[in-house]
Amino acid sequence: MIKVRQGVEFHNGKELTADDIIASFNHHRGETKSAARSLLEQVDSIEKDGKYTVVFNLKAANADFMYIASDYHIAIQPDQGDGTIDATAGIGAGPYMIESWEPGERTLLKRHPNYWKSDRAHFDEVEILSIIDASARTNALMTNEVDLIDRVDLKTVNLLKQRPNVNVEEVVGFRHYTFPMRTDMAPFDDNNVRMALKLSLDREQVLSTVLRGHGRIGNDSPISPSNRFHADMEQRTYDPDKAKWHLKKAGKENLQVDLSAADAAFPGAVDAAAIYKENAARAGIDINVVREPDDGYWSDVWMTKAWCACYWSGRVTSDWMFTTAYAADADWNDTYWKHERFNKLLKEARGVLDPEKRAEMYAEMQRIVRNQGGTVVPMFANYVFATNQTVEHDGTLAGNWNLDGMKFAERWWFS
């Protein structure tokens, strides 16, 4: 049961009520391509109990459901009067209203005058620009064309720190870079091949070269060291001899595979793929790095090509991360991996309230993913961004997403 805060106003002046909550959630249920659909499959029905109370009836217990309800895909928008929302209208109840939007280029936002948080949203306007080139992004900050940039170029971050009018911020979070293999396609349908590839990458070299140390070594599990249920597992290391042993078991001593990469996947993805190629050669694996165009990468390469580079912001809870990308029926299961024991534990762990028992269950799931899954997780990347000295915040930065949990426009201010 959720109580709706009274007096919250949408950008069009309508008051937020239970009907709006129900219509917004139902938009992501049933026959839909929404990325939140798999998360809401556990919801049996949603109903209201008066104007300001919403009741979620779940198919099974879920101790983390309130985290799921905050998924960024499920924007609360006004009910049109028939139980549906207009998802393209851009009307919400947040701190800023859309003035103009040019997809992939520019967004202009104006402060919502009746935003319910009186101590937030300090900017009158917020303009968000898409500047793909890292050098152009950096120059825009140094010349005061912009006040804030994300994804700071790690190759030049130390030089940027020396600028007297620039502040560089860094936060440890849940973001991780991956190389997912489609386990429904040869040769990645053989776990010995997958294990050989996991053992054929020097993670320390990738961390120092691509992230310049701004992150942590990954262990082929997506559950961040920042997560309370992160499992303490033996760290996987570069071992070409053991990789050869797995290849021999698979009958593929001279393995040749394509690895698709573009910096659209993550900054430095092409460099990481080149390192992978060099490392794997010592295990008798010939990796052909296919440099893909940045444009269309997420539609034409990811979840389409057999093996590629990928980026995940991560999720706050273990269940959320696993349900989004590792559950058998997940829309974003980019390895097309299905494991009976894993999926059984995933459903059971949701209803367990004992934290020690949940920790044991999530630890087993992480071991299964690490040793039998189709994803290579070589590193967790810190969020590194920079501002000019006129931008201030209270010093406490969220790590669940980039830029203070994507709350920078709401929580920061000009000095």
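Here are a few worked exercises on the nonpolar cores and salt bridges of this predicted model.

**Exercise 1. The largest core**

Find which residues of the largest nonpolar core touch the most other members.

*Solution.* Start with the membership: the largest nonpolar core holds 77 residues. Within this set, the residues touching the most other members are Phe266, Ile285 and Trp307. Next, look at secondary structure: helix α8, spanning residues 269-281, gives the most to this core, contributing six residues. Finally, check what lies apart from it: another core has 22 residues, including Phe10, Leu40, Val43 and Ala69.

**Exercise 2. Around phenylalanine 266**

List the residues in contact with phenylalanine 266, leaving aside its neighbours within four places in sequence.

*Solution.* Set the sequence neighbours within four places aside, then collect the contacts of phenylalanine 266. Going up in residue number, you meet Tyr177, Thr178 and Phe179, then Val210 and Ala272. The list goes on with Ala309, Cys310 and Tyr311, and ends at Met379.

**Exercise 3. A salt bridge across the sequence**

Take the pair arginine 37 and aspartate 331, and work out which parts of the chain it ties together.

*Solution.* First, the general idea: side chains of opposite charge can pair when their charged atoms come close. Now apply the cut-off of 4 Å between nitrogen and carboxyl oxygen. The closest N and O atoms of arginine 37 and aspartate 331 are 2.5 Å apart, and the two form a salt bridge. Then place both partners: arginine 37 sits in the loop between α1 (18-26) and β2 (43-48), while aspartate 331 sits in the loop between α10 (318-325) and α11 (340-349), so the pair ties together parts 294 residues apart in sequence.

Is each partner buried or exposed, or in between? Arginine 37 has 17% relative accessibility and counts as buried, whereas aspartate 331, at 27%, is partly exposed. As a last step, widen the view: Arg37 and Asp331 are linked with Glu41 in a network of salt bridges.

**Exercise 4. Two further pairs**

The count of salt bridges comes to 21; examine the pairs arginine 106 with glutamate 102 and aspartate 286 with lysine 277.

*Solution.* Begin with the distances. The closest N and O atoms are 3.7 Å apart in the salt bridge of arginine 106 with glutamate 102, and 3.6 Å apart in that of aspartate 286 with lysine 277.

Now turn to accessibility. Arginine 106 is partly exposed at 24%, and glutamate 102 is partly exposed at 35%. In the other pair, aspartate 286 is partly exposed at 37%, and lysine 277 is partly exposed at 35%.

How values were computed
Residues numbered from 1 in each chain as written. Predicted model: local features only at pLDDT ≥ 70, side-chain atom pairs only at ≥ 80, totals over all residues. Heavy atoms only, no water. Core = buried A, V, L, I, M, F, W, Y, C linked by side-chain atoms within 4.5 Å. Buried < 20%, exposed > 50% of the residue type's maximum accessible area, 1.4 Å probe, protein only. Helix = DSSP H or I, 4+ residues; strand = E, 2+ residues; numbered from the N terminus. Contact = heavy atoms within 4.5 Å. Salt bridge = Lys/Arg side-chain N within 4 Å of Asp/Glu carboxyl O.
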